[in-house]
Amino acid sequence: MAPNETDGEPLQPIENIDATIHAPTRLKILAYLSIVESADFTFLLNQTGLTRGNLSPNLRKLEEAGYVSITKEFVDRVPRTLIRLTDEGRKAIQIYRENMQVVLNKLLNN
Amino acid sequence: MSQNQDLKRLAKKTYMSYHQDGLVDLLIGWMIIAFAAMMAFDQSAFTFLGWLPITLYVPLKKRITAPRFGYVKFDSEHGGQGRMVTAFLIMGLLSFFVLGILFFLVTGESPPSFVQWIREYTILFYGLVGAISFMMSGLITGIRRFYAYMLLSLFLTITGQILETREFLPILLLGVGILISGIIHLVRFTRKYPNAEGDIYGS
């Protein structure tokens, strides 16, 4: 939900936060994906510092939400799982940032 | 705006990590050593040997860096391989341009006064060309150790000029220094990023 679509409830802005993105693990993954065109699993493993058992399910969750695309490709005869941020994912991150800004503004002003 | 700045910092940090493998240092060191060999033995074939390893940069990146660091394609906004290629092109063009001028002017019978200066301070001139190349490469790529190489280039060539060493010696030492730096970075990189076992998604 976009930040201006509230129904006057004081905690509505918090309700608008996208829980799929909000988890610290997934937020970290999305941060790295937003600065590259594509990356493989090893890159995300090294950069996020997550374990394999932690990264895989979180990537699947992001894929199910449509925020990332995961494709298996051969790059120089080596199988690679390439992960990319989708357009929907970029939009979702933008809306998340705006919603967080609203929440933080309300908290700081209160 | 600060969020964008944080992302830009993250992108820069990630891009720098990608180039901590020391490969570019190994190539540059090799090229400089080959140039010094050309000066020492007066054999232009060494120049060709010096440029040859450039063809190995991408294959080495794929063979050494990608399996350990992971495969990544930086977008143009946050880095991109274009920067490194641009830096190489600038260094190469600068070197060829300067050395080309040298070849045509220094061998002339009545060279302009600045060429007289170059004849008298050849080592220093090479050092200045090298320093400018490293400085521009550092600005383009953001790799800080290029600034250290810039200072090393100036230090060695000024020292060589003062001590009146053979022309190739400061250049050789510069090349060896950069090569050693590359080896150290490569060893550190391989220790920090052990070789991943193929594609491990889902395992």
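These are my notebook entries on two helices of chain B, one residue of chain B and one helix of chain A, all from a predicted model.

**Entry 1: α4 and α9 of chain B**

I began with how these two helices sit against each other. Two packed helices are described by the distance between their axes and the angle between them. For α4(B), residues 54-69, and α9(B), residues 168-192, I found axes that come within 9 Å and cross at roughly 35°. The crossing is left-handed.

Next I asked myself which residues of α4(B) and α9(B) meet. From α4(B) I noted Ile64(B), Thr65(B), Arg68(B) and Phe69(B), and on the α9(B) side Leu186(B), Phe189(B) and Thr190(B). Sorted by class, this contact has four nonpolar residues, two polar ones and one charged one.

**Entry 2: Leu94 of chain B**

I then moved on to Leu94(B), which lies in α5(B), residues 82-106. Is Leu94(B) buried or partly exposed? Its relative accessibility is 22%, and buried requires under 20%, so I logged Leu94(B) as partly exposed. Leaving out residues up to four places away in sequence, I found that Leu94(B) touches Val129(B), Ile132(B) and Ser133(B).

I also looked up the separation from Leu186(B), a residue from my first entry: the two C-alpha atoms are 27 Å apart, with these positions 92 residues apart along the chain.

**Entry 3: α6 of chain A**

Over in chain A, I checked the span of α6(A), residues 87-109. Its 23 residues reach 33 Å from first C-alpha to last, close to the 33 Å expected.

I listed its buried residues as Gly89(A), Ala92(A), Ile93(A), Tyr96(A), Asn99(A) and Val103(A). Their cover includes α1, α2, α3 and β3 of chain A.

How values were computed. Residues are numbered from 1 along each chain as its sequence is written. Chains are lettered from A and ligands numbered from 1 in the order in which they are written. This is a predicted model: local features need pLDDT of at least 70, side-chain atom pairs count only at pLDDT 80 or more; totals for chains, interfaces and linings use all residues. Side-chain values use heavy atoms; hydrogens and water are left out. Axes are lines fitted to C-alpha atoms, for helices over the stretch in contact, and angles run from 0 to 180 degrees between N-to-C directions. Helices (H or I, at least four residues) and strands (E, at least two) are DSSP runs, numbered from the N terminus. A crossing is left-handed if the near helix is turned anticlockwise from the far one by less than a right angle, and right-handed if clockwise. Contact means heavy atoms within 4.5 Å. Ala, Val, Leu, Ile, Met, Phe, Trp, Tyr, Cys and Pro count as nonpolar, Asp, Glu, Lys and Arg as charged, and the others, Gly among them, as polar. Buried means under 20% relative accessible area, exposed over 50%, partly exposed in between (1.4 Å probe, protein chains only). The expected span of a helix is 1.5 Å times one less than its number of residues.
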